[in-house]
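Thank you for asking for comments on this model. The points below are numbered so that each can be checked against the coordinates in turn.

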Amino acid sequence: ATSWMRFWVFTGLQKVGPFLYSSSSLTYLCADKDVFRTFYHRALSKRLLLNRSASDDFEKKILKTLKTKFDPEFDMGENMFRDLTLSNDLMKELHEKEDIGDSTASAAQKSKLHASVLEAAYWPFSSSRKETIVLPPEMQVELNKFERFYANKHKGRKLNFDHSLGTAQITASFDAGKKELHVSLYQAIVLLLFNDRDEIPFMDIKEQTRLGEHSCVASFYIAC
């Protein structure tokens, strides 16, 4: 039952919509509530952070149904949605402040950074998997601005950055014209190295990005 439920969690919300909601009673077939809740929690967090959820309202309805009919501990979503709402408000305030401070900046020069500030207790990500990577200078400048803004707004709080779920939208020039690419942050920092060079040895990419070997291989392979 666990394997079937795992597939259901990752693919069902996007493909079967109302049918999933009406058939929530199937969760009674899952003997291990902790296992099911863990997989659901991980899948939900990725959908929310990567903007792959079809509807926040639908996600909330499913969580409410699961909590009521299946498991009272299915309340993790409330804090996750709250974190994302607060993060959106925070980024709006930051960008408005930047616009006032530099009203002459063009659209291309304005910051496109979006950071999600999450309370670790409510999100199923392990701090042990974080990698210390080297961001492109223009990205690091924007991140430093955000860190200073947050530190001034919330005295005594410390941010720990996890880039493993970061995403980026970059413009690439091909023979057929320009294309917008939606890639992971790791893929982006590898691709941006090729702005100045056509060929880069693998070991140089690894050294310049500080990506772990597994992450570097995966990002480079998909990027190519």
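1. I begin with E93, which is partly exposed, its relative accessible area being 34%. The model is a predicted one, and in it the side chain of E93 forms a salt bridge with K153, with 3.1 Å between the closest N and O atoms. E93 belongs to helix α5 (residues 76-101) and K153 to helix α6 (residues 137-153), so this pair ties together parts of the chain that are 60 residues apart in sequence. K153 also counts as partly exposed, at 38% relative accessibility.

2. As to the overall layout, the chain comes to nine helices and two strands, and reading along the sequence gives the pattern α-α-α-α-α-α-β-β-α-α-α. Of its 224 residues, 33% count as buried. When contacts between residues at least 6 apart in sequence are considered, 61% of them join residues at least 24 apart.

3. How many salt bridges does the structure hold? There are eight, and the general background is that side chains of opposite charge can pair when their charged atoms come close. One of the eight joins the side chains of D34 and R37, at 3.0 Å from N to O. Both residues lie in helix α3 (residues 33-49), where a spacing of three residues corresponds to about one turn of the helix. Are D34 and R37 buried or exposed? D34 counts as partly exposed because its relative accessibility is 46%, whereas R37, at 14%, counts as buried because that value falls under the 20% cut-off.

4. A further salt bridge is formed by E142 with K145, whose closest N and O atoms are 3.7 Å apart. These two residues both lie in helix α6 and are three residues apart, about one turn of the helix. E142 has a relative accessible area of 19% and is therefore buried, since the cut-off is under 20%, while K145 is partly exposed, with a relative accessible area of 35%. Salt bridges that share partners also join R82, D83 and E119 into one network.

5. Turning to the nonpolar interior, the largest nonpolar core has 22 residues, and those with the most contacts inside it are F146 and L211. Helices α5, α6 and α7 each supply at least two residues of this core. If neighbours within four places in sequence are left aside, F146 is in contact with L90, M91, L94, L113, A115, V117, L159 and F161. There is also a second, separate core of 15 residues, which includes F36, L48, F58 and M80.

6. Which residues are the closest to the centre of the second largest pocket? The pocket has a volume of about 240 Å³, and among the 13 residues that line it, P136, P137, I189, L192 and L193 are the closest to its centre. Helices α6, α7 (185-192) and α8 (202-209) each supply at least two residues of the lining. By character, the lining residues of this pocket divide into seven nonpolar, three polar and three charged.

7. Two backbone positions deserve a look when the model is inspected. N51 has a positive phi of about 55 degrees although it is not a glycine; this residue lies in the loop between α3 and α4 (56-69), and with a relative accessible area of 69% it is exposed, because the cut-off for that class is over 50%. R210, likewise a residue other than glycine, has a positive phi near 65 degrees. The place of R210 is in the loop between α8 and α9 (213-223), and R210 is exposed, with a relative accessible area of 56%.

8. To draw the points on helix α6 together, this helix contains K153, the partner of E93 in helix α5, as well as both E142 and K145. Helix α6 supplies at least two residues of the largest nonpolar core, and at least two residues of the lining of the second largest pocket come from helix α6 as well.

Conventions
Residues are numbered from 1 along each chain as its sequence is written. This is a predicted model: local features need pLDDT of at least 70, side-chain atom pairs count only at pLDDT 80 or more; totals for chains, interfaces and linings use all residues. Side-chain values use heavy atoms; hydrogens and water are left out. A salt bridge is a side-chain nitrogen of Lys or Arg within 4 Å of a carboxyl oxygen of Asp or Glu. Helices (H or I, at least four residues) and strands (E, at least two) are DSSP runs, numbered from the N terminus. Buried means under 20% relative accessible area, exposed over 50%, partly exposed in between (1.4 Å probe, protein chains only). On a 1 Å grid over the protein atoms alone, a cavity is a set of points where a 1.4 Å probe fits but cannot get out, and a pocket is an open set with protein on both sides within 12 Å along at least five of seven lines; lining residues have an atom within 4 Å of a point. Grid points are joined across faces, edges and corners, and a volume is the space filled by probe spheres set on the points. Ala, Val, Leu, Ile, Met, Phe, Trp, Tyr, Cys and Pro count as nonpolar, Asp, Glu, Lys and Arg as charged, and the others, Gly among them, as polar. A nonpolar core is a set of buried Ala, Val, Leu, Ile, Met, Phe, Trp, Tyr and Cys residues joined through side-chain atoms within 4.5 Å. Contact means heavy atoms within 4.5 Å.
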